[in-house]
Structure formats: structure tokens, C-alpha cells
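Okay, thanks everyone, I'll keep this short. Have a look at the model on the screen while I walk you through it.

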Amino acid sequence: MYQASIIGTGSYVPEWVLTNYHLEKMVDTSDQWIIERTGIRERRIASGQETNVTMGAIALERAIKDSGIHVEEIECLVVGTNTTEPVWPSAGGHMAKLLDLQRDLPFFDVQAGCTGFNYALFIAETLVKSGQYRTVAVVGTDKLSSITDYQDRNTCVLFGDGAGAVILRQSEREGIIRSHLGGNAKLRDLLTLSKKSSTGNGYIKMEGRKVYTFAKRAMVQSCLRVLDPSGTADHKELRLLFEQVNKIIPHQANARIIMGAAEELESRLELPDGKAREKMIITIEQYGNNSCASIPLALDLSLRSGKLKRGDLVILVGFGAGLTYAANLIRL
Ligand code: UT7
């Protein structure tokens, strides 16, 4: 079996910044409520011309440049996204056309709510490890503003737009070590689209509290299962495995969910206070929840700022509509 390493990353966020102060003028909310309950101060909103495809294409172009490969070397494109307009055909095809990727390239979208990037990365991991393809591009991109109701204070304060991408390549060294995928379809109705909206797409409708409770539990479970796939390690063995992890990049939905999951890990693994919390990478303050973009965007920003470096052991962990959840264990 081959290894699959990340050889380049890229990201893109739109220019327009929607702050909590703007939102105070739009719905009955306050900067203080939003910061205290979510950790978000601002988010980026795409212009009318920008789509999940155009944002994803820029992120991918940057990842290609970062990896130093030629665009022709990409043999397959996997896109995690939820907001393609029109929904058919795929965002992957639009992106491949925009970037002039090779003619016989296979491309497809993965729709798994905000967990789309984790699922897409797992698929790319198996394609590279099996020897099917040598170089696979993975994009996470969403324009949640197109399905957000800016009259609903329960949701509009949370979401933003953006894109991130990675290039996976067959290699000798350890890369994506393994992934864990989960889902609970019985909870599907907690996060859906309402029928009415001006664009006809529908708006996000969410039972926030219930999603919050699910998210915390799912992230803890997925982090532990990706470290111990057979589920046989006792808590001391799990703690040793966990201590080797340098950083965790969680889906950026709510800073309280992230810190709550970290506290739960500390308690389950009997870790000293703060030992899991200090591993958590948080970018939500500036970007809000931009769905499939949140994890690859945080990965790219962290590598650029030096928060992460090559050789680090990292868990990417997400959850989202479906309800779905997943984690990828990676040696950068
Ligand atoms: O990618 C996955 C997508 N979704 C998520 O990850 C969301 C998960 N859920 C959450 O992040 C949180 O549940 C929220 C941020 C959505 C809400 O925070 P909460 O601490 O769970 O608040 P709550 O829903 O229990 O609401 C508390 C109060 C309610 O008022 P009453 O009933 O106590 O009078 C809400 O109506 O806060 C009110 N509220 C607001 N107040 C000011 C809800 N949204 C707002 C708001 N500004 N924007």
C-alpha cells in the first residue's frame, strides 16, 4: 500500500467583512451575545458574482502553486460542498473547467454538510493509497450566505463564506494516517433547509441547542476513534496516543463547542486541565462557520502563520448536517 501526503495547501475568503455591529442593525442581537455564545466577531461574505466554484477554484490554484506541481499533474478532483447553484452538474466540473485541468480528469462532489471536507479527504486518501491515482486535489468550499436567512438571528450570526484546498500525493513518507467517518441519519431534521427563500434555494433551519449537544459528543468520539480504530485501547493507552497529537483542527462552528469537546477529552483521558484545549486551533473569530471551507482554511492559515509545521501530527475533526461527523489523522 502507498502513503498519501499533503504536499500543498491553499485558501480563499471574500473581501467583504460582515461584523457583529452590522448584524446588530439587521436582527435583534448584540456583539456581546455573539462573542460570548459563539466566539465570532466577523465573517466574510461573497459578492454576487462569487460562488462556491469561483472561491474553490482560487483556493485550488493557490494549493497547486504551493505544492509546486503543474496543473496537468492532477489526476482526480474531489470537492466537499453543499451550495452549488444550480445543484447539477457538479461544482467539481465547473472548477476543472475554470482551471483548465486535464481533459480526462474525473471529478465529483461530496455532500455531507460541514463534514464534506473530511469525507472528501478520506475518499482522496483511499484513491491515492490504493494506487489508483498519484495526485488528487481536494477542495472544501461553501457560500453559506446564499442559504442564510438574514432575518433569523438563530442562524445568520454564525455563517460565512470561503474555500480551502489541499493536494494529496503518493509518497514514501507517512501522510494521511487514517480517517474515521460517522453519521446519525435519525437526527437529520435538526439541520435542514426551509422551503421559502427569495432565491428559491431554501434557508438553513436549525435546532441549535440539539446540534450543539450532538457536535460536542461526535467530535470527542471521532477524535478517539481515529486514534484507536478498533476501540480496544484503555484510557491510559488512549491518553498516550492523544499526547502525541500536536494540534487539532476542529470544524469552526462555535468556540464553545470546540472548548467543550476539549474539556470532555481532558476528563475522559484524565489529562491535566487545559492539555486538550491548548491543542485546539481556532479561527472562528474572524471567519465564522464557513462549512466545508472551515477546516482546510484553518489548516492553510496555520501552516502559513507557523502554528503548524511539517512533521506535526494533527487531527482534523468535523460535524454537520446529515447529521454527519468525521476525523482525519494526519502527519503533515
Ligand atoms: O456547522 C454546523 C451548524 N450549526 C452549528 O454548529 C450550531 C450549533 N449550535 C450553536 O452553536 C448554539 O446552539 C447557538 C449559537 C446557535 C445558540 O447558542 P445557545 O447557547 O445554544 O443558545 P440557545 O439556542 O439556548 O438560546 C438562548 C437564547 C434564546 O432566548 P430565550 O429563549 O432564552 O429567551 C434565543 O432566542 O438566546 C436567544 N438567541 C439570541 N439572542 C441574541 C438566539 N440567537 C440569538 C442572537 N442574539 N443571535
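Let's start with helix α4, which lies across β4, β5 and β6 and runs at about 130° to β4. Before I go on, a word on the ground rules. This is a predicted model, so local features need pLDDT of at least 70 and side-chain atom pairs count only at pLDDT 80 or more, while totals for chains, interfaces and linings use all residues. Residues are numbered from 1 along each chain as its sequence is written, and side-chain values use heavy atoms, with hydrogens and water left out.

Helices here are DSSP runs of H or I with at least four residues, strands are runs of E with at least two, and both are numbered from the N terminus. When I say a helix touches something, I mean heavy atoms within 4.5 Å. For angles, the axes are lines fitted to C-alpha atoms, for helices over the stretch in contact, and the values run from 0 to 180 degrees between N-to-C directions.

So, the sheet under α4. It's an open one with 5 strands, in the order β1-β7-β6-β4-β5, and the pairing is mixed. Two strands count as paired if DSSP finds at least two bridges between them. β1 (3–12) and β5 are the edge strands with a single partner each, so one side of each has no neighbour in the sheet. From one strand to the next, the twist averages 20°. Inside the sheet, β6 (135–143) and β7 (161–171) run antiparallel and are joined by 9 bridges; valine 139, for instance, has alanine 165 in β7 as its bridge partner. Helix α3 (52–67) packs on this sheet too, touching β1, β4, β6 and β7, and its direction makes about 125° with that of β1.

Now the other sheet. This one is open with 4 strands, ordered β8-β13-β12-β11, again with mixed pairing. Its edges are β8 (176–183) and β11 (247–250), each with a single partner strand, so one side of each is left without a neighbour. Here the twist averages 15° from one strand to the next. β8 pairs with β13 (324–331) in the antiparallel sense over 7 bridges, and arginine 178 stands opposite leucine 329 in β13. Lying across β8, β11, β12 (313–320) and β13 is helix α7 (208–227), at about 35° to β13.

How is the chain divided? Into domain 1 (3–171) and domain 2 (176–331), with bounds from an automatic or database domain assignment. Their contact takes 55 residues from domain 1 and 49 from domain 2, and the centres, taken over C-alpha atoms, are separated by 17 Å.

Okay, the ligand. Which residues are closest? Of the 22 residues surrounding the ligand, the closest are Thr29, Arg37, Arg209, Asn254 and Asn289, where a residue counts if one of its heavy atoms lies within 4 Å. A polar side-chain atom of tryptophan 33 lies 3.4 Å from a ligand nitrogen, and a polar backbone atom of glycine 208 is 3.0 Å from a nitrogen atom of the ligand. Then there's histidine 251, with a side-chain N or O atom 2.9 Å from a ligand oxygen. The protein covers 75% of the 950 Å² of accessible area that the ligand has on its own, by the Shrake-Rupley method with a 1.4 Å probe.

Last bit: backbone oddities. Most residues other than glycine have a negative phi, and most peptide bonds are trans. Tryptophan 88 to proline 89 is a cis peptide bond, with omega near 0°, and proline 89 is in the loop between β4 (76–80) and α4 (91–98). Glycine 322 to leucine 323 is cis as well, omega near -10°, with leucine 323 in the loop between β12 and β13. And aspartate 100, not a glycine, has a positive phi of about 60°; you'll find aspartate 100 in the loop between α4 and β5 (107–110).

Conventions. A polar contact is a pair of N or O atoms within 3.5 Å; within protein, one must be able to donate a hydrogen and the other to accept it, and residues adjacent in sequence count only if both atoms are side-chain atoms.
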